[in-house]
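I had some time at the screen today, so I opened this one and kept notes as I went. Here is what I looked up, entry by entry.

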Amino acid sequence: MSPGSAGASASRAGGASLEVEARDAAATRAIGEAFGRTAPEGAVVLLAGPLGAGKTTFAQGVGRGCGVTGPITSPTYNLILHYPGERHFTHVDLYRLDTPAELETLDLDEILSGDGVTCVEWPEKLGERVWVPPPSAEVVIEPKPDGARTLRVRLIGEGWEAARRRLAAAER
Ligand SMILES: Nc1ncnc2c1ncn2[C@@H]1O[C@H](COP(=O)(O)OP(=O)(O)OP(=O)(O)O)[C@@H](O)[C@H]1O
Ligand SMILES: [Mg+2]
């Protein structure tokens, strides 16, 4: 493991997709934090993966990277939480969304084109009709039997150079 890799190791999956391994929750949080610091302005980070994969853990790191100092809780019951920081951090969790019609009750266009960085858990619930404007990232978190997580990351749009460098550093 290289210094500064926060317990992560990775191998390039080819194309614009990177694969990083996070051996524990702290490593997942550290990768999220690097995202919060380096993501381009207005980025939307879609966090996919099964129940308990570590989506909220990653999002908490993103919030820290945005300079949020208070506790970052799971917005499962609120659906959307806003945090002031050095950068505005928005945390969306669509788990409790039952029907696509309910999406209409949220001001999604405004949320997805908001400032700072926005994380969305359970992005599958956005359905086909919702367009996520770039810059955006797709992070698929896959639990491994030993408790580590494989993070598959796709970076879409401009301005991801610093984040890409951080992920590449975790490969070494
Ligand atoms: N490598 C790891 N990365 C992330 N979380 C880990 C890891 N190893 C163990 N964990 C633990 O797994 C749990 C992940 O919970 P978390 O709430 O982040 O998942 P989630 O994907 O948001 O779940 P939900 O689907 O309920 O929203 C935490 O208790 C965390 O400490
Ligand atoms: Mg969660």
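**Entry 1: the enclosed helix**

I started with α2, where 11 of the 11 residues are buried, so this helix is largely enclosed by the rest of the structure. A reminder to myself: I am reading a predicted model. I listed the buried residues of α2, and they include Lys 55, Phe 58, Gln 60, Val 62 and Arg 64. Glycines are on that list too, among them Gly 61, Gly 63 and Gly 65.

Next I asked myself what the buried residues of α2 pack against. I found α1 and the strands β3 (43-48), β4 (80-83), β5 (89-93), β6 and β7. Just after α2, I noted Gly 67 with a positive phi of about 90°.

**Entry 2: around the ligand**

How many residues surround ligand 1? I have 17 written down, and the closest are Thr 28, Gly 54, Lys 55, Thr 56 and Thr 57. I then checked which helices supply at least two residues of this shell, and noted α1 (25-38) and α2 (55-65). The largest share, three residues, comes from α2. That brought me back to my first entry, since Lys 55, Thr 56 and Thr 57 are among the buried residues of α2.

I also sorted the shell around ligand 1 by character: six residues are nonpolar, seven polar and four charged.

**Entry 3: α1 against α5**

I followed α1 to its meeting with α5 (residues 161-169) and found that the two axes come within 8 Å and cross at roughly 160°. Angles over 145 degrees count as roughly antiparallel, so that is how α1 lies relative to α5. The crossing of α1 past α5 is right-handed.

Which residues make the contact? From α1 I wrote down Ala 34, Phe 35 and Thr 38, and from α5 Ala 162, Ala 163 and Arg 166. Of the residues in this contact, four are nonpolar, one is polar and one is charged.

**Entry 4: Trp 122 and the loop**

I moved on to the loop between β6 (117-121) and β7 (136-143), where Trp 122 is found. Is Trp 122 buried or exposed? Neither label fits: 19 other C-beta atoms lie within 10 Å of Trp 122, and a residue needs 20 or more to be buried, so Trp 122 comes out as partly exposed.

Setting aside residues up to four places away in sequence, I saw Trp 122 touching Asp 93, Leu 94 and Tyr 95. I also took the C-alpha to C-alpha distance from Trp 122 to Leu 51, and got 9.5 Å for a pair 71 residues apart in sequence.

The backbone here deserved a line too. Most residues other than glycine have a negative phi, and most peptide bonds are trans. Trp 122 has a phi near 55°, a positive value. The loop between β6 and β7 also holds Pro 135, and the peptide bond from Pro 134 to Pro 135 is cis, with omega near 0°.

**Entry 5: stepping back**

Last, I looked at the protein chain as a whole. I counted five helices and eight strands, and from the N terminus they run β-β-α-β-α-β-β-α-α-β-β-β-α. Of the 172 residues, 41% count as buried. Among contacts with a separation of 6 or more, residues 24 or more positions apart account for 64%.

How values were computed: Residues are numbered from 1 along each chain as its sequence is written. Chains are lettered from A and ligands numbered from 1 in the order in which they are written. This is a predicted model: local features need pLDDT of at least 70, side-chain atom pairs count only at pLDDT 80 or more; totals for chains, interfaces and linings use all residues. A residue is near a molecule or strand if its C-beta atom, placed from the backbone, lies within 6 Å of it. Helices (H or I, at least four residues) and strands (E, at least two) are DSSP runs, numbered from the N terminus. Ala, Val, Leu, Ile, Met, Phe, Trp, Tyr, Cys and Pro count as nonpolar, Asp, Glu, Lys and Arg as charged, and the others, Gly among them, as polar. A residue is buried if 20 or more other C-beta atoms lie within 10 Å of its own, exposed if 12 or fewer, and partly exposed in between; C-beta atoms are placed from the backbone. Two residues are in contact if their C-beta atoms, placed from the backbone, lie within 7 Å. Axes are lines fitted to C-alpha atoms, for helices over the stretch in contact, and angles run from 0 to 180 degrees between N-to-C directions. Angles under 35 degrees count as roughly parallel, over 145 as roughly antiparallel, 65 to 115 as roughly perpendicular and the rest as oblique. A crossing is left-handed if the near helix is turned anticlockwise from the far one by less than a right angle, and right-handed if clockwise.
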